[in-house]
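Me: I would like a close look at one part of this model: the surroundings of one histidine side chain. Please start there and follow the contacts outward, giving cut-offs as you go.

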Amino acid sequence: MTSRSTGILSSCGSGGNLFNFGSPSIKRLTLKIKPPPHYLGSKSLSLKRKYHPSTFSALSSSSDMDGGVTPSLFPLHRCKTLHLVRHAQGVHNVEAEKDDSAYLSYSLFDAPLTPLGWQQVDNLRNHVHDSGLIKKIELVIVSPMLRTMQTAVGVFGGGGYTDGMDVLPLMVANAGNNDRSAYSSLNCPPFVAVELCREHLGVRPCDKRRSVSEYVPLFPAIDFSLVESDEDTWWKTDVREPNEGVTARGIEFLNWIWTRKEKEIAVVTHSGFLFHTLKSFGSSYHPLMKDEVCKHFTNCELRSMVIVDRGMLGSDPSVTNYPGKIPQGPDLPSAAAKTPPNSSS
């Protein structure tokens, strides 16, 4: 019997991909933001709305009746390419490796990148430019946290910024107490901050964001208009978001992606968010592809995925399809176009 795919989010191509970065296996796979997750009691947290990965697809293969594997085929305008990036090494990553209880320290509030993290950013930036990926990306979506915005700007932002330019800087010099010069917003995609792709919420101060009014002077050209509140109302001191809550939020994020007109999008986010979102698609894959899609991201790793609008959420028509018959004329069936039997050869 033919197996049914429960969702398609996949790496693209079997011969390796030029864009993926940071992992041994090379592969290629806007609306008003919904309210934050709602607390149920004092120790649990969940979303009101339920989503399922069956709404989406990821160019996986399906089994035929003989047990073989057949490729999937989807209209191009029902697909988007997502370039998923985990932030570079943050101060909290280093401290928690020494002692896991460091995650509870308020000294790691909204942790910035380490000097090694900035080196990782520079290497990924070189890869993004050398591969030509920077010319393809139409939008950069970033979690509104210091470490993710530093990573996003460093990888996908413009060149150096100097006073007197006609544009705002994406990041001012020394933002987050680093030794970096300012980055320009020239010759790069637009950036938008979206809370749905934040890390696990609650308890750990490293996952609590600053107020938007603190971020805007540091990242003037990032669009924060989709962040509904100035203060962080999603993070709670004594309640850690459950894994299934992160998964539901991730599916809602992908649902929101389909309200965007852009077809090729970079998303700079977090390890936990990526893992729990992507593993919800795992049952639809060959085991090797499941590993490509679902395994944990390393710091500053990039994986390129294709997502398919199998639930018909998007409404944009194809910009490449062509209807034919212009101008119109007789269109004989192939049988009628055959040479008449009495004609001479």
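Reply: From one histidine outward

H92 is found in helix α1, residues 91–98. Helices (H or I, at least four residues) and strands (E, at least two) are DSSP runs, numbered from the N terminus. The model is predicted, with local features needing pLDDT of at least 70 and side-chain atom pairs counting only at pLDDT 80 or more, while totals for chains, interfaces and linings use all residues. Residues are numbered from 1 along each chain as its sequence is written, and side-chain values use heavy atoms, with hydrogens and water left out.

H92 is buried, at a relative accessible area of 4%. Buried means under 20% relative accessible area, exposed means over 50%, and partly exposed is in between, for a 1.4 Å probe and protein chains only. Leaving aside neighbours within four places in sequence, H92 is in contact with H87, Y103, L108, A111, R147 and C206; contact means heavy atoms within 4.5 Å. With R147, the side chain of H92 forms a polar contact of 3.4 Å. A polar contact is a pair of N or O atoms within 3.5 Å; within protein, one must be able to donate a hydrogen and the other to accept it, and residues adjacent in sequence count only if both atoms are side-chain atoms.

The side chain of R147 has a polar contact with the side chain of D207 as well, at 2.7 Å. D207 sits in the loop between β10 and α4 and is buried, with 5% relative accessibility. Not counting residues up to four places away in sequence, D207 touches M145, R147, R198, E199, H200, W235 and R240. V203 is found in the loop between β10 and α4. Its phi is positive, about 75 degrees, although V203 is not a glycine. Most residues other than glycine have a negative phi, and most peptide bonds are trans. V203 is partly exposed, at a relative accessible area of 25%.

R147 leads on to α3. Among the buried residues of α3 are R147, M149, Q150 and F156. Eleven of the eleven residues of α3 are buried, so this helix is largely enclosed by the rest of the structure. Q150 has a partner in space far along the chain: the C-alpha atoms of Q150 and R180 are 30 residues apart in sequence and separated by 9.9 Å. R180 lies in the loop between β8 and β9 and is buried, at 18% relative accessible area. Leaving aside neighbours within four places in sequence, R180 is in contact with W118, D122, M171, A173 and N174.

Which residues have the most contacts inside the largest nonpolar core? They are F156, F191, F219, I222 and F224, in a core of 35 residues. A nonpolar core is a set of buried Ala, Val, Leu, Ile, Met, Phe, Trp, Tyr and Cys residues joined through side-chain atoms within 4.5 Å. The elements that give two or more residues to this core are α2 (115–130), β7 (139–142), α3 (146–156), β8 (169–171), β10 (191–193), α4 (212–218) and β11 (264–269). The largest share, six residues, comes from α3. In soluble globular proteins, nonpolar side chains tend to be buried together. F224, leaving aside neighbours within four places in sequence, is in contact with M149, A193, V212, Y215, V216 and F219. Apart from this core lies another, of 30 residues, among them F253, L254, F281 and Y285.

F253 and L254 are among the residues of α5 that meet α6, where G272, F273, H276 and T277 take part. The residues of this contact divide into five nonpolar, six polar and one charged. Ala, Val, Leu, Ile, Met, Phe, Trp, Tyr, Cys and Pro count as nonpolar, Asp, Glu, Lys and Arg as charged, and the others, Gly among them, as polar. The axes of α5 (residues 243–257) and α6 (residues 271–278) come within 8 Å and cross at roughly 80 degrees. The two helices α5 and α6 are therefore roughly perpendicular to each other. Axes are lines fitted to C-alpha atoms, for helices over the stretch in contact, and angles run from 0 to 180 degrees between N-to-C directions. Angles under 35 degrees count as roughly parallel, over 145 as roughly antiparallel, 65 to 115 as roughly perpendicular and the rest as oblique.
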